[in-house]
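This briefing covers a single protein chain, shown below. The points after it are grouped by topic, beginning with one buried position and moving on to fold, pocket and charged pairs.

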Amino acid sequence: INIYWILCFLIISYGIFALNGYGNDDDTYRMLNTWKTLISEGRYVPSRFQGNLIPELTIGLASEIGGFYLANFISVVLSVSSLFIFYALLLRVTTS
């Protein structure tokens with residue numbers, strides 16, 4: 001089976017769930033709160049203990065521009081991309 005068919009399936013299946021709002025993951029809401037605090041008050045308050053600046057800025061900006069549709073789409077693209085990168089790296093150290 002071709003890896004590109006699997007990626008297409010993952011994007012479509014993730015995309016279906018992405019049409020239902022931000023979901024019930026409180027991490028997303030904490031990232032959005034970080035974005036709002038950064039924009040409104042000019043100070044960075046991390047969404048979690050170790051901080052997560054790049055996803056916080058990415059999800060926050062996407063949400064500001066396109067609401068939960070764009071924020072979830074960006075999240076889907078980043079998730080599937082990381083799976084693909086992991087698969088590509090795995091192929092380098094193992095056999096098919």
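Apart from residues within four places of it in sequence, serine 63 touches Tyr22, Leu32 and Ala71. The model is a predicted one. In it, the chain forms three helices and zero strands, and three salt bridges are counted.

**Serine 63**

- Serine 63 belongs to helix H3.
- Its relative accessibility is 15%, and serine 63 therefore counts as buried, the cut-off being under 20%.

**Overall fold**

- Read from the N terminus, the order of elements is α-α-α.
- The chain is more spread out than a compact globule, because its radius of gyration is 16 Å, well over the 12 Å that the globule rule gives for 96 residues.
- The C-alpha trace spans about 50 × 30 × 20 Å along its principal axes.
- Buried residues make up 25% of the 96 in the chain.
- Among contacts in the chain with a separation of 6 or more, 49% are between residues 24 or more positions apart.

**Largest pocket**

- The largest pocket holds about 440 Å³ of space.
- Its lining consists of 21 residues, and those closest to the centre of the pocket are Asp25, Thr28, Ala71, Asn72 and Ser75.
- Three elements each give two or more residues to this lining: helix H1 (3-18), helix H2 (26-41) and helix H3 (53-93).
- H3 gives the most to the lining, with eight residues.
- By residue class, the lining of the largest pocket has 10 nonpolar, nine polar and two charged residues.
- Ala71 appears twice in this account: it is one of the residues closest to the pocket centre, and it is also in contact with serine 63.

**Methionine 31**

- Methionine 31 is part of helix H2.
- With a relative accessible area of 8%, methionine 31 is buried.
- Neighbours within four places in sequence aside, the contacts of methionine 31 are Ser47, Asn52, Pro55, Glu56 and Ile59.
- From methionine 31 to leucine 61 the C-alpha to C-alpha distance is 11 Å, and the two are 30 residues apart in sequence.

**Salt bridges around aspartate 27**

- Side chains of opposite charge can pair when their charged atoms come close.
- Asp27, Arg30 and Arg48 are joined in a network of salt bridges.
- In the pair of aspartate 27 and arginine 30, the closest N and O atoms are 3.5 Å apart.
- Aspartate 27 and arginine 30 are about one helical turn apart, because three residues separate their positions in helix H2.
- In the pair of aspartate 27 and arginine 48, the closest N and O atoms are 2.5 Å apart.
- Aspartate 27 lies in helix H2 and arginine 48 in the loop between H2 and H3, so this salt bridge ties together parts that are 21 residues apart in sequence.
- Aspartate 27 has a relative accessibility of 11% and so counts as buried.
- Arginine 30 is partly exposed at a relative accessible area of 35%, and arginine 48 is partly exposed at 28%.

**Salt bridge of glutamate 41**

- Glutamate 41 forms a salt bridge with arginine 43, with 2.6 Å between the closest N and O atoms.
- Arginine 43 has a relative accessible area of 45%, which makes it partly exposed.

**Phenylalanine 49**

- Phenylalanine 49 sits in the loop between H2 and H3.
- Its relative accessible area is 83%, so phenylalanine 49 is exposed, the cut-off being over 50%.
- Phenylalanine 49 and glycine 60 are 18 Å apart in space, C-alpha to C-alpha, with their positions 11 residues apart in sequence numbering.

Terms used
Residues numbered from 1 in each chain as written. Predicted model: local features only at pLDDT ≥ 70, side-chain atom pairs only at ≥ 80, totals over all residues. Heavy atoms only, no water. 1 Å grid on protein atoms, 1.4 Å probe; cavity = no way out; pocket = protein on both sides within 12 Å on 5 of 7 lines; lining within 4 Å. Points joined across faces, edges and corners; volume = space filled by probe spheres on them. Helix = DSSP H or I, 4+ residues; strand = E, 2+ residues; numbered from the N terminus. Nonpolar A, V, L, I, M, F, W, Y, C, P; charged D, E, K, R; others polar. Buried < 20%, exposed > 50% of the residue type's maximum accessible area, 1.4 Å probe, protein only. Contact = heavy atoms within 4.5 Å. Salt bridge = Lys/Arg side-chain N within 4 Å of Asp/Glu carboxyl O. Rg over C-alpha atoms; globule rule 2.2 N^0.38 Å.
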